[in-house]
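Work through the exercises below with the coordinates open. Each task is followed by its solution.

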Amino acid sequence: MPPTLGALMRTPRLRLNLLTGQENLDRRVEWVAVSELEDPTPYLAGGELLLTTGVRWATGVPDLRDYTRRLAERRVTALGFAVGVVLERTPEPLREAAAEFGLTLLEVARETPFIAIGKEVSRLLAKEEYEGLSRAFAAQRDLTRAALTGEAAIVDRLARELGAWVLLLSADGAARHAAPAGASP
């Protein structure tokens, strides 16, 4: 499962400042994308943390309400705006639009390279994948051990691993073993 926005926010070295969307910190960050396009949505799949410096806004701020609406409709997890590159502050119309459309808006400190954010998301994704593989190998090992003991041990172990009821049925549909025991009726 991808890392959450909250996990990124709890990474002090990234120096991310939450401007809107406190209620969205449990949203998953599938990937990090960087774009200075007026409309990056054709190139997004949804679930991204989109980062921008607003460099194209130097000659005039576009319709930030429409920009933000499109990002929210595309289900972008959050927008990160780098301050101190083009603009010293996150534009107030961007804050207002993000709040209106329920888009989480982060302010990225000038000292935080976008690549650092991408690497952290990549690290968290790799950690999650490693933990999932470790759990799968441990479950496989435990099921193999249970198989040496017999079919009841396999059913019991499988129920624990899945956190669910497991029934071993005979060819005629009668319960031969159930985990938990009360599951057979």
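**Exercise 1.** Which residue just after helix 5 takes a positive phi?

Solution. The model is a predicted one. Gly163 comes just after helix 5, and its phi is about 65°.

**Exercise 2.** Check the length of helix 5 against the expected rise.

Solution. Step one: helix 5 covers residues 151–162, twelve residues. Step two: the expected span is 1.5 Å times one less than the number of residues, which for helix 5 gives 16 Å. Step three: the end C-alpha atoms lie 16 Å apart, so the two values agree.

**Exercise 3.** Describe the largest nonpolar core and the part Ile117 plays in its contacts.

Solution. Step one: this core has 18 residues, and those touching the most other members are Leu8, Leu16, Leu49, Leu51, Val108 and Ile117. Step two: at least two core residues come from each of helix 1 (5–9), strand 3 (48–52), strand 4 (78–82), strand 5 (104–108) and helix 4 (114–149). Step three: with neighbours within four places in sequence set aside, Ile117 contacts Leu14, Leu16, Val32, Leu49, Leu51, Val108 and Thr112. Step four: a second core, separate from this one, has 15 residues, among them Ala33, Trp57, Leu79 and Phe81.

**Exercise 4.** Characterise the largest cavity by volume and lining.

Solution. Step one: one cavity reaches 30 Å³ or more, and the volume of the largest is about 30 Å³. Step two: its lining consists of Ser35, Glu36, Leu37, Thr52, Gly54, Trp57 and Tyr67. Step three: sorted by type, the lining has three nonpolar residues, three polar and one charged.

Terms used: Residues numbered from 1 in each chain as written. Predicted model: local features only at pLDDT ≥ 70, side-chain atom pairs only at ≥ 80, totals over all residues. Heavy atoms only, no water. Core = buried A, V, L, I, M, F, W, Y, C linked by side-chain atoms within 4.5 Å. Buried < 20%, exposed > 50% of the residue type's maximum accessible area, 1.4 Å probe, protein only. Helix = DSSP H or I, 4+ residues; strand = E, 2+ residues; numbered from the N terminus. Contact = heavy atoms within 4.5 Å. 1 Å grid on protein atoms, 1.4 Å probe; cavity = no way out; pocket = protein on both sides within 12 Å on 5 of 7 lines; lining within 4 Å. Points joined across faces, edges and corners; volume = space filled by probe spheres on them. Nonpolar A, V, L, I, M, F, W, Y, C, P; charged D, E, K, R; others polar.
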